[in-house]
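Hello,

Here is the structure I promised to pass on to you. Have a look at it first, and then read on for my notes on its empty spaces and its surface.

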Amino acid sequence: MTAVPEPTTSPEGGDGYLERRTLRRGSAGWLLLTGLGVAYVVSGDFSGWNVGLAQGGFGGLAIATVLMGAMYACLVFSLAELSAILPTAGGGYGFARRALGTWGGFLTGTAILIEYILAPAAISIFIGDYVESLNLFGLTSGWPVYLACFAVFIGIHLWGVGEALRFSLVVTAVAVLALVVFALGAFTQFDPSHLDDIAVDTTAAGSSSWLPLGLLGIWAAFPFGMWFFLGVEGVPLAAEEAKDPVRSMPRALSISMGILVLLALLTFLASTGARGADAIKDAGNPLVVALEGDFGLSWLKTFVNYAGLAGLVASFFSLIYAGSRQLFALSRAGYLPRFLSLTSKRKAPYLGLLIPGAIGFALAAATGNGPRMLNIAVFGATISYALMALSHIVLRKREPGLERPYRTPGGIATSSVAFVLALSALVATFLVDKDAAFIALGVYAVALAYFAFYSRHHLVASAPEEEFAALAQAEAELSRD
């Protein structure tokens, strides 16, 4: 007996369907892909992570960062294998589609979209705050600045992916250089007694000077430990536009993760050791606050302020790219309205850039609540991590003979660590901002209703990710027969 196939439309989705939905291939080598991986994340080194000090103190955030770093490292190695197997723009959706079916693919892709649409909206608000604090052109943080961010940087993406990634690489290099210069300056004022200067809550279980909020503070700090790495998993979304993605994707993922670990270590220790964990735990601009005092480093403080703006721009710019490619892939396969995957003469998914940009701008202008939107983005991210790690486990067990040009060190054990830690981080989001978690669940519910009642009956079988999954189904039926 053969299995009942999952619902799809005609194999082609109409004459010339895929021809009107193509990206510019061969635009990015391993260096641009590495820059993209760092760009996704670098703004998190300049702000946001320090709130974890208020949740768990230095020791709590340090342990949380190590655990979340381990999660991302295991996830990145798993994704390196998966992206070499299926180098398409679908990224996590494509991996989950083959391993977990259409529902798993949609659940994963939707979670990734939540992350990559909400995060740029939040970062545009932070950019506005930086512009105002630096008194650039006399502007204040508000909708004109948010609109300018989306208009200018989406415009660069519409120009072409090669140009966009080169711009991102330059801005990212400036931000990384600034972090290194900051660390060198801040370490001249390093004092170990500053690390554990947060008041101890004696009522908290397991509390101490290193864990002032107790053992639970470690768990509550998980989402903030993620900020040193959040977004690096988006590199595979550039697979269709990469040069030799089978080789360049694993290389770029590994190198970018190594750079991010080094930056996290430098930033975390230099900031807390220079001024004190208590002084920076609630700061909107912790690196600048870390340099305040009679240090004779006023020039460095100004430099870091401007560099922080560069870091925000780099992450904003790259996250827009990632969101557009995930939306493009889901639309091309029919999970979302198909017109969203149409590409321009320059092979840019113009509606996939413009419509999420319009949504992001509207959210930023209407709410002005960057931290809340980032918490929603983190919730979506943790769901996608768990599902992508699970996809690696399922494919290793169910299809051991699948050709794997790159193999994850440690195999299933590696992806299992990522899976368990991702679920732990998902639960931790409720400890930090349960309202954000429930808002994300509400968005998820609406998307799932659309898929259940409409789009799962109108999928496009000829989309690359769907063909890849259909091949697995056909092979399974042949083996049963």
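Let me start with a pocket, the second largest one, which has a volume of about 380 Å³. It is lined by 17 residues, and those closest to its centre are Gly48, Val51, Phe126, Gly284 and Pro371. Please keep in mind as you read that this is a predicted model. Helix H3 (51-85), H4 and H14 each bring at least two residues to the lining of this second largest pocket, and H4 has the largest share of that lining, with three residues. Sorted by class, the lining of the second largest pocket holds nine nonpolar residues, seven polar ones and one charged one.

The largest pocket comes next. It contains about 550 Å³ of space. A total of 23 residues line the largest pocket, and Ile114, Ile117, Leu118, Ile359 and Val443 are the ones nearest its centre. Which helices build this lining? At least two residues each come from H4, H12, H13, helix H14 (370-398) and helix H16 (434-453). H4 again deserves a look, as it gives the most to the lining of the largest pocket, with six residues. The class count for the largest pocket is 20 nonpolar residues, two polar and one charged.

Now to the closed spaces. How many cavities of 30 Å³ or more does a search of the whole structure find? The search finds four. The largest cavity has a volume of about 170 Å³. Its lining consists of 16 residues, with Ser43, Gly44, Ile123, Leu230 and Leu374 closest to the centre. Two or more residues of this lining come from each of helix H1 (30-41), helix H2 (43-46), helix H4 (92-133) and helix H12 (298-332). H4 gives the most here as well, with four residues. Ten residues in the lining of the largest cavity are nonpolar, five are polar and one is charged.

The second largest cavity has a volume of about 80 Å³. If you would like to colour its lining in your viewer, the residues are Tyr116, Ile117, Pro120, Phe150, Leu319, Ile320, Gly323, Ser324, Gly352, Leu353, Pro356 and Gly357. H4, H12 and helix H13 (350-367) each supply at least two of the lining residues of the second largest cavity. The class count for this lining is eight nonpolar and four polar, with no charged residues. Ile117 is worth picking out: this residue helps to line the second largest cavity, and Ile117 is also among the residues nearest the centre of the largest pocket.

On the surface, I would point you to a nonpolar patch. Trp30, Leu31, Ile255 and Ile259 form this patch, and together they have about 320 Å² of accessible area. H1 and helix H9 (245-275) each supply at least two residues of the patch. Ile259, one of its members, lies in helix H9. Is Ile259 buried, partly exposed or exposed? The relative accessible area of Ile259 is 32%, so this residue is partly exposed.

Helix H9 also holds Arg251. Arg251 has a relative accessible area of 42% and is therefore partly exposed. From Arg251 to Val427 there are 176 residues in sequence, and the C-alpha to C-alpha separation in space is 32 Å.

Finally, two backbone details that you may want to check by eye. Most residues other than glycine have a negative phi. Asp244, however, has a positive phi of about 45° although it is not a glycine. You will find Asp244 in the loop between helix H8 (222-225) and H9. With a relative accessible area of 42%, Asp244 counts as partly exposed. The other residue is Lys347, which is not a glycine either and has a positive phi near 60°. Lys347 sits in the loop between H12 and H13. Its relative accessible area is 31%, so Lys347 is partly exposed too.

That is what I have for now. I hope the notes help you to find your way around.

Best wishes

How values were computed. Residues are numbered from 1 along each chain as its sequence is written. This is a predicted model: local features need pLDDT of at least 70, side-chain atom pairs count only at pLDDT 80 or more; totals for chains, interfaces and linings use all residues. Side-chain values use heavy atoms; hydrogens and water are left out. On a 1 Å grid over the protein atoms alone, a cavity is a set of points where a 1.4 Å probe fits but cannot get out, and a pocket is an open set with protein on both sides within 12 Å along at least five of seven lines; lining residues have an atom within 4 Å of a point. Grid points are joined across faces, edges and corners, and a volume is the space filled by probe spheres set on the points. Ala, Val, Leu, Ile, Met, Phe, Trp, Tyr, Cys and Pro count as nonpolar, Asp, Glu, Lys and Arg as charged, and the others, Gly among them, as polar. Patches are made of residues with over 30% relative accessible area and no salt bridge: like charges are joined within 9 Å, nonpolar side chains (Val, Leu, Ile, Met, Phe, Trp, Tyr) within 5 Å. Accessible areas come from the Shrake-Rupley method with a 1.4 Å probe; for residues, only the protein chains shown count as cover. A salt bridge is a side-chain nitrogen of Lys or Arg within 4 Å of a carboxyl oxygen of Asp or Glu. Buried means under 20% relative accessible area, exposed over 50%, partly exposed in between (1.4 Å probe, protein chains only).
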